[in-house]
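Let's take a walk through this one, a stop at a time. Keep the viewer open and follow along.

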Amino acid sequence: MKTKKVAVVMGGPSSEREVSLRTGQAILQALQSKGYQAVGLELNPAQFVDDIRQAKVDIVFNAVHGKFGEDGMLQGTLEMLGIPYTGSGVLASAIAMDKSISKRLFLSSGIPTPRSQVFNKYSDGEEVAAAILADFTIPVVVKSSAQGSSIGVTIVDKAEKLAAAVKEAFAYSDNLVVEEFIDGREVTIAVWGNKNPAALPIIEIVPHSGCYDYHSKYTSGATDYIVPAPLEELAVEKLQKVAVQAFNLLGCRGIARVDVMLDKANQPYVLEVNTIPGMTATSLVPKAAAASGISFADLCERLLLMAGE
């Protein structure tokens with residue numbers, strides 16, 4: 001693999017551009033420290049095919065969060081060019097990116113997930129707010145169906161804030177997902193592998209503000225991450241099993257992060273699967289890997305080697 005040229009693709013036009021650049025730079029430095037012929041490439045969708053060809057790339061490490069990088073577009077383009085890449089394929093990426101679809105699959109397969117409802121952007125906003133109040137109790141979670149990094153997500157704690165939350169979610173995608181609010185602990189489980197995926201140690205997320213929003217995710221010191229999460233052995237086994245089931249159900253490969261809420265009885269509820277998890281200094285997957293004795297550079301190398309399989 002070290003004889004091949006690796007392009008770490010990052011950036012792009014989505015609202016997660018800055019996070020993606022930080023992820024990409026961290027991965028690039030890690031691969032270079034391992035002796036790989038790695039170069040950075042910022043994603044310009046209109047010029048991507050020409051850029052890849054001119055760079056004479058053998059393999060791509062995908063570090064693009066959000067639109068084009070996480071929704072199957074980049075993956076499909078690379079498959080047409082015959083260039084291997086890290087992470088999940090076209091279909092798994094598209095399904096995981098669209099929360100309205102992935103939640104339907106969770107429900108049909110018996111994977112526990114919060115009760116939810118999907119609304120279309122072309123519905124009347126006031127009617128959507130009224131329908132939410134009729135079917136859900138406050139607090140309730142309103143989220144864009146195709147965003148990450150908690151962008152377009154609002155925990156509505158007062159009925160009068162609902163209309164604004166609906167408007168914000170629709171600003172990012174054509175559909176929004178309304179979820180029952182689970183009052184409990186938030187955890188995340190990284191799952192990796194191709195043929196026999198396995199779960200890394202569970203991380204409990206404890207934001208100082210009480211809400212794990214964009215600020216809490218990307219501000220150093222704003223959130224405590226407890227790894228391994230202080231849970232009984234049976235709860236750990238159940239969580240890791242559910243995470244691997246979600247990973248396999250969507251057809252993921254490489255690595256993905258499964259976000260879960262635990263209620264007061266430690267019953268897990270899968271929220272979503274992130275197929276391009278963050279790899280910055282404050283990101284969760286590197287923390288889980290470190291708890292298993294895997295350095296950040298080794299983690300990046302293993303993900304690259306999985307793509308080569």
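Which residues does UniProt give for the feature "binding site" (unreviewed entry)? The UniProt record places that feature at D259 and E272, and it also lists E272 and N274 under "binding site", again from an unreviewed entry. UniProt positions follow the numbering used here, feature names are shortened, and annotations may be inferred rather than shown by experiment.

A bit of housekeeping before going on. This is a predicted model, where local features need pLDDT of at least 70 and side-chain atom pairs count only at pLDDT 80 or more, while totals for chains, interfaces and linings use all residues. Residues are numbered from 1 along each chain as its sequence is written, and side-chain values use heavy atoms, with hydrogens and water left out.

Back to the annotated residues. D259 sits in strand β12, residues 254-262. Helices and strands here are DSSP runs numbered from the N terminus, with H or I over at least four residues for a helix and E over at least two for a strand. D259 has 9% relative accessibility, so it counts as buried; the cut-offs are under 20% relative accessible area for buried, over 50% for exposed, and partly exposed in between, with a 1.4 Å probe and protein chains only. Setting aside residues up to four places away in sequence, D259 touches V187, T188, Y269, V270, L271, E272 and N274, where a contact means heavy atoms within 4.5 Å.

E272 belongs to strand β13, residues 268-274. Its relative accessible area is 13%, so E272 is buried. Not counting residues up to four places away in sequence, E272 touches K99, F106, K143, R257, V258 and D259. N274 lies in β13 as well, and with a relative accessible area of 9% N274 is buried. Its contacts, with residues up to four places away in sequence left out, are E70, A256, R257 and D259.

Now follow the chain between those two strands. The loop between β12 and β13 holds N266, whose phi is near 65°, a positive value in a residue other than glycine. N266 has a relative accessible area of 28%, so it is partly exposed. K56 is another one to check on your Ramachandran plot: its phi is positive at about 55° although K56 is not a glycine. You'll find K56 in the loop between α2 and β3 (59-62), and at 68% relative accessibility K56 counts as exposed.

From K56, have a look at the helix before that loop. Two packed helices are described by the angle between their axes and the distance between the axes. For helix α2 (residues 48-55) and helix α3 (residues 73-81), the axes come within 11 Å and cross at roughly 50°. The axes are lines fitted to C-alpha atoms, for helices over the stretch in contact, and angles run from 0 to 180 degrees between N-to-C directions. That makes α2 and α3 oblique to each other, because angles under 35 degrees count as roughly parallel, over 145 as roughly antiparallel, 65 to 115 as roughly perpendicular and the rest as oblique. On the α2 side, F48, V49, I52 and R53 meet L74, T77, L78 and L81 of α3. The residues of this contact divide into six nonpolar, one polar and one charged. In this scheme Ala, Val, Leu, Ile, Met, Phe, Trp, Tyr, Cys and Pro are nonpolar, Asp, Glu, Lys and Arg are charged, and the others, Gly among them, are polar.

Next, the cis peptide bonds. The bond from I138 to P139 is cis, with omega near 5°, and P139 lies in the loop between α6 (125-135) and β5 (140-144). V227 and P228 are also joined by a cis peptide bond, with omega about -5°; P228 is in the loop between β11 (223-226) and α9 (233-250).

Last stop: V166, in helix α7, residues 162-170. With a relative accessible area of 2%, V166 is buried. Leaving aside neighbours within four places in sequence, V166 is in contact with V128, I132, V142 and L176. The C-alpha atoms of V166 and V156 are separated by 9.9 Å, with their positions 10 residues apart along the chain.
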